[in-house]
Amino acid sequence: MATYTVQQVAKKMDLTTYTVRYYHDHGLLPFVKRDKNNNRVFDDADLEWVKLITCLRATGMPLDQIKQYFDLVIEGEDTVPERYQIMLKQQQKTLDEINELQNHLKTINFKVAHYADLLINHQPDSFEPSNIREKSAEK
C-alpha cells in the first residue's frame, strides 16, 4: 500500500501543507496514521477523503458541515439517509451556482462578440458614449 507525507499530499491535491494539516487537526481526516517520528502518514483512502473535502469546499460547503458529514460517515450505515440529504442539498446548491455562472457567461459572451465585431469592422462602440471621459472630468 502506497503512503504519502503531508508535502506529497499537498502537492498531489494542489493544497498547501498548512491546509492538509488543518484538515487533519480539525478531525476531517480521522484515519490518518502517524509514523514512529509522529509524522502524518496518508494512504490512498485518505487521499479520497482529501479529494472529497476539496470538492465540497470548492462548492461552498463550510468546514463544520463537512465535519458533520464525515462524522455521519463514521457512524455507519444508519446515517445514509441523512448523508444523502446533505449531498442532495449540496448538489442543488452547485447546480444553482452553475446556472448563475452560465447566465454571467452569456453576458460576457455577448460583450466579447460585440467587441470582436467592432474590431473587425473598425466601428466605434455604440453602447458607450464617446465622451465618457469628458463627462467624468466634469464631476
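**A short tour of a small sheet, a pocket and a glycine**

Hi everyone, let me start with one residue: glycine 76 counts as buried, because its relative accessibility is 18% and the cut-off for buried is under 20%. Please keep in mind that what we are looking at is a predicted model.

So where does glycine 76 sit? Look at the loop that runs between helix 4 (63-75) and helix 5 (80-121), and you will find glycine 76 there. If you would like a distance to go with that, pick valine 50, which is 26 residues away along the chain. The C-alpha atoms of glycine 76 and valine 50 are 19 Å apart.

Now let's turn to the sheet. In what order do its three strands lie? The order is 1-3-2, in an open sheet with antiparallel pairing. Strand 1 and strand 2 are the edge strands, each pairing on one side only.

We can take the two pairings in turn. Strand 1 and strand 3 run antiparallel and are joined by two bridges. On that side, tyrosine 4 stands opposite phenylalanine 42 of strand 3. Strand 2, residues 33-34, also pairs with strand 3 in the antiparallel sense, over two bridges. Here arginine 34 has arginine 40 in strand 3 as its bridge partner.

Strand 2 and strand 3 form a hairpin, with five residues between the strands. Which residue in that hairpin takes a positive phi? Asparagine 38 does, with a value near 70 degrees.

My last stop is the largest pocket, with a volume of about 160 Å³. Its lining is made up of Thr3, Tyr4, Thr5, Val6, Gln7, Arg21, Asp35, Asn39, Arg40 and Val41. Strand 1 (3-4), helix 1 (6-13) and strand 3 (40-43) are the elements that each give two or more residues to this lining. You may recognise two names from the sheet: Tyr4, which stands opposite phenylalanine 42, and Arg40, the bridge partner of arginine 34.

And what is the lining of the largest pocket like by class? Counting through, there are three nonpolar, four polar and three charged residues.

That's my tour, from a buried glycine 76, through a sheet ordered 1-3-2, to the lining of the largest pocket. Thanks for listening!

Technical notes
Residues are numbered from 1 along each chain as its sequence is written. This is a predicted model: local features need pLDDT of at least 70, side-chain atom pairs count only at pLDDT 80 or more; totals for chains, interfaces and linings use all residues. Side-chain values use heavy atoms; hydrogens and water are left out. On a 1 Å grid over the protein atoms alone, a cavity is a set of points where a 1.4 Å probe fits but cannot get out, and a pocket is an open set with protein on both sides within 12 Å along at least five of seven lines; lining residues have an atom within 4 Å of a point. Grid points are joined across faces, edges and corners, and a volume is the space filled by probe spheres set on the points. Helices (H or I, at least four residues) and strands (E, at least two) are DSSP runs, numbered from the N terminus. Ala, Val, Leu, Ile, Met, Phe, Trp, Tyr, Cys and Pro count as nonpolar, Asp, Glu, Lys and Arg as charged, and the others, Gly among them, as polar. Buried means under 20% relative accessible area, exposed over 50%, partly exposed in between (1.4 Å probe, protein chains only). Two strands pair if DSSP finds at least two bridges between them.
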